[in-house]
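Please look through the structure below with the sequence beside it, and read the numbered points that follow as a colleague's notes on it. They begin with one helix and the strands under it, and then work through the sheet, a salt bridge and a pocket.

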Amino acid sequence: MKHTIDTLVGQFERGSLTRRELVQALFMLAASPVLAQERPAGAFRATGIDHVQITVTDLKATQQFYEKLFGVTTTSPSPTQLSLRLGSSGNTISAHSESGPIKPIDHFGIGVEGFSAEPALATVKRVVPGFKAEVSGTSVFVIGPDGVRVQLVAARK
């Protein structure tokens, strides 16, 4: 909100807003509960959930289930994994078949604006020290307080 107020005052000082227009704009800004709230300051600007990775016992059954229920498109199939593309946004469910104990949700990925792995790792270590974090390829994995892995990836364009 501070940026918006500074912009309005600057426009007033340059003569592109009258005093009445400035007061009206400031009143509308203060009266709007959505605009009046400051965005929480976070280390990253997340754009949304990029993907969810699940571990399954039967890839074919999983593929058929999601195809029949949601009409997903299957991409990148292999003997141990496949990606199920949801809609046109590029979001995916990544299904992996593994032996041993099954963790239904292995991790979820969050798209981050302006993402770069090494600087992101340094930011994670600075902002939430003590949590295990590592670079893996072009992403960063961090394990949250309940043991859930969160993957930070570049936001889709």
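**Notes on the predicted model**

1. Helix H4, which covers residues 59-70, lies across strand E1 (46-56), E2, strand E3 (81-86) and strand E4 (91-97), and the helix runs at about 5° to E3. Please keep in mind throughout that this is a predicted model.

2. The strands that H4 crosses belong to an open sheet of eight strands, and if you trace the sheet from one side to the other you should meet them in the order E2-E3-E4-E1-E5-E8-E7-E6, with mixed pairing. Strand E2 (73-75) and strand E6 (133-136) stand at the edges and have a single partner strand each, so one side of each is left without a neighbour in the sheet. On average, neighbouring strands of this sheet are turned by 25° against each other, when direction is ignored.

3. Starting from the E2 edge, E2 and E3 are paired in the antiparallel sense over three bridges, and a pair to look for here is threonine 74 with its bridge partner in E3, leucine 84. These two strands form a hairpin with five residues between them, and in the turn serine 76 has a positive phi of about 55°.

4. The next step in the order takes you from E3 to E4, which run antiparallel and are joined by six bridges; here serine 83 has serine 94 in E4 as its bridge partner. E3 and E4 also make a hairpin, with four residues between the strands, and glycine 87 in this hairpin takes a positive phi near 60°.

5. In which sense, parallel or antiparallel, do E1 and E4 pair? They pair in the parallel sense, over six bridges, and along this pairing histidine 51 stands opposite threonine 92 in E4. On its other side, E1 is joined to E5 by seven bridges, and E1 and E5 run antiparallel; in this pairing isoleucine 49 has isoleucine 110 of E5 as its bridge partner. When you follow any such strand residue by residue, it helps to remember that in a regular strand the side chains alternate between the two faces of the sheet.

6. At the E6 edge, four bridges join E6 to E7, and the two strands run antiparallel, with alanine 133 having valine 142 in E7 as its bridge partner. H5 packs on the sheet, where it touches E6, E7 and E8, and the direction of H5 makes about 175° with that of E6.

7. Three salt bridges are counted in the model, and one that deserves a careful look is formed where the side chains of arginine 45 and glutamate 113 meet, at 3.4 Å from N to O. This pair links distant parts of the chain, since arginine 45 sits in the loop between helix H3 (33-36) and E1, while glutamate 113 sits in the loop between strand E5 (105-112) and H5, 68 residues apart.

8. Finally, which residues line the largest pocket? The lining is made up of Ala43, Phe44, Ile110, Val124, Val127, Val128, Val142, Ile143, Gly144, Val150 and Leu152, and the elements that give two or more residues to it are helix H5 (117-127), strand E7 (139-143) and strand E8 (149-154). The volume of this largest pocket is about 170 Å³, and its lining residues divide into ten nonpolar, one polar and no charged. Two of these residues have appeared above, as Ile110 is the bridge partner of isoleucine 49 and Val142 is the bridge partner of alanine 133.

Terms used: Residues are numbered from 1 along each chain as its sequence is written. This is a predicted model: local features need pLDDT of at least 70, side-chain atom pairs count only at pLDDT 80 or more; totals for chains, interfaces and linings use all residues. Side-chain values use heavy atoms; hydrogens and water are left out. On a 1 Å grid over the protein atoms alone, a cavity is a set of points where a 1.4 Å probe fits but cannot get out, and a pocket is an open set with protein on both sides within 12 Å along at least five of seven lines; lining residues have an atom within 4 Å of a point. Grid points are joined across faces, edges and corners, and a volume is the space filled by probe spheres set on the points. Ala, Val, Leu, Ile, Met, Phe, Trp, Tyr, Cys and Pro count as nonpolar, Asp, Glu, Lys and Arg as charged, and the others, Gly among them, as polar. Two strands pair if DSSP finds at least two bridges between them. Axes are lines fitted to C-alpha atoms, for helices over the stretch in contact, and angles run from 0 to 180 degrees between N-to-C directions. Contact means heavy atoms within 4.5 Å. A salt bridge is a side-chain nitrogen of Lys or Arg within 4 Å of a carboxyl oxygen of Asp or Glu.
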